[in-house]
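Me: Please take one part of this structure and look at it closely, starting from a single charged side chain and working outward to what surrounds it. I am new to this structure, so please build the picture step by step.

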Amino acid sequence: MQTVSQKNIFSEVHKVFSDYLEKHNQRKTQERFAILEEIYHRNDHFDAETLFHDLKNKKHNVSRATVYNTLELLVACDLVKKHQFGKQQTQYEKAYHYRQHDHLICDDCHQVLEFCDPRIGQIQTKIGELLHFKISSHSLILHGHCERENCPNLASVKKNT
């Protein structure tokens, strides 16, 4: 069940997307808004194929091309962030009203963890001031090896060390 806040967010993103499509002479289709809704019900990073299969499993009549094209539109209007975490498939996440955060990636199991440390924002501000540079965004990705017991590649990593 959606909370009032979730309904408000979806109403806002729906309007942002609708306005963007109108401004750029793009069609406002049921499929595009179904994709938007599916994304804004998620709380994870996802790739286009996973999104496509999740939509199909929920009986949405969307093509793979529609999913890919809609993701590009959503990135262009800042409703979705696109990430390239190393050699992995492109990953996406919702972006509207979500706090700045950074990522840890396990090079073994490819798990993506988010973290937020206000000191990073402070460093960004200070560097901008020192170098007379207006920083509009940043991306910090830390790679390593998780130490989860159930990491599928942990056994092979231990064996090789």
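Reply: Asp-54 is partly exposed, with a relative accessible area of 22%, a value that stands just on the open side of the 20% below which a residue is called buried. This value, like the others here, is computed from a predicted model. The partner of Asp-54 is Arg-42, and their side chains meet in a salt bridge in which N and O are 2.7 Å apart. The two ends of this bridge belong to distant parts of the chain, since Arg-42 sits in the loop between H2 and H3 while Asp-54 is in helix H3, 12 residues away. Arg-42 itself has a relative accessible area of 10% and is therefore buried, whereas Asp-54 is partly exposed.

Side chains of opposite charge can pair when their charged atoms come close. Here the pairing extends beyond two residues, for Glu-38, Arg-42, Asp-44, Asp-54 and Lys-58 are linked in a network of salt bridges. In the structure as a whole there are 9 salt bridges.

Helix H3 also takes part in another bridge, this time with helix H4. Glu-49 and Arg-64 form a salt bridge whose closest N and O atoms lie 2.8 Å apart, and this pair again links distant parts of the chain, with Glu-49 in helix H3 and Arg-64 in helix H4, 15 residues apart. Arg-64 is partly exposed, its relative accessible area being 38%.

From H4 a further bridge leads onward to a strand. The side chains of Glu-72 and Lys-82 meet at 3.2 Å, N to O, and they join parts of the chain 10 residues apart, Glu-72 being in helix H4 and Lys-82 in strand S1, which covers residues 80-83. Both ends of this bridge are partly exposed, Glu-72 with a relative accessible area of 37% and Lys-82 with 44%.

Having met H4 through its charged residues, we can now look at the helix itself. H4 has 13 residues and reaches 19 Å from its first C-alpha to its last, which is close to the 18 Å expected at 1.5 Å a residue. Its buried residues are Val-67, Thr-70, Leu-71, Leu-73 and Leu-74. These residues cover an arc of only 165 degrees around the axis, so they lie on the same side of H4. An α-helix has 3.6 residues a turn, so residues three or four places apart point the same way. Just after H4, Asp-78 takes a positive phi of about 65 degrees.

What does the buried side of H4 touch? Taking Leu-74 as one of its buried residues, and leaving aside residues up to four places away in sequence, we find that Leu-74 touches Phe-17, Ile-35, Leu-36, Ile-39, Leu-79 and Val-80. In soluble globular proteins, nonpolar side chains tend to be buried together. The largest nonpolar core of this protein has 26 residues, and those touching the most other members are Phe-17, Leu-36, Ile-39, Tyr-40, Val-67, Leu-74 and Leu-79. H1, H2, helix H3 (48-57) and helix H4 (64-76) each supply at least two residues of the core, and H1 gives the most, with 6 residues.

Phe-17, which is in contact with Leu-74, also brings in the aromatic rings. The structure has 2 aromatic pairs, and in one of them Phe-17 and Phe-33 are arranged edge-to-face, with 5.4 Å from centre to centre and 65 degrees between the planes. Phe-17 lies in helix H1 (residues 4-23) and Phe-33 in helix H2 (residues 30-40), so this pair ties together parts 16 residues apart in sequence. Both rings belong to buried residues, for Phe-17 has a relative accessibility of 0% and Phe-33 one of 13%.

Helix H2 has a more open position as well, since Glu-37 is found in this helix and, at 36% relative accessibility, counts as partly exposed. The C-alpha atoms of Glu-37 and Ser-11 are separated by 9.9 Å, although these residues are 26 residues apart along the chain.

To place this part within the whole, the protein has 6 helices and 5 strands, which follow one another along the sequence in the pattern α-α-α-α-β-β-β-β-α-β-α. Of its 161 residues, 34% are buried.

Definitions and conventions:
Residues are numbered from 1 along each chain as its sequence is written. This is a predicted model: local features need pLDDT of at least 70, side-chain atom pairs count only at pLDDT 80 or more; totals for chains, interfaces and linings use all residues. Side-chain values use heavy atoms; hydrogens and water are left out. Rings of Phe, Tyr and Trp (its six-membered ring) pair if their centres lie within 6.5 Å; planes under 30 degrees apart count as stacked, over 60 as edge-to-face and the rest as tilted. Helices (H or I, at least four residues) and strands (E, at least two) are DSSP runs, numbered from the N terminus. Buried means under 20% relative accessible area, exposed over 50%, partly exposed in between (1.4 Å probe, protein chains only). A nonpolar core is a set of buried Ala, Val, Leu, Ile, Met, Phe, Trp, Tyr and Cys residues joined through side-chain atoms within 4.5 Å. Contact means heavy atoms within 4.5 Å. A salt bridge is a side-chain nitrogen of Lys or Arg within 4 Å of a carboxyl oxygen of Asp or Glu. The expected span of a helix is 1.5 Å times one less than its number of residues. The arc is that of the directions from the helix axis to the C-beta atoms.
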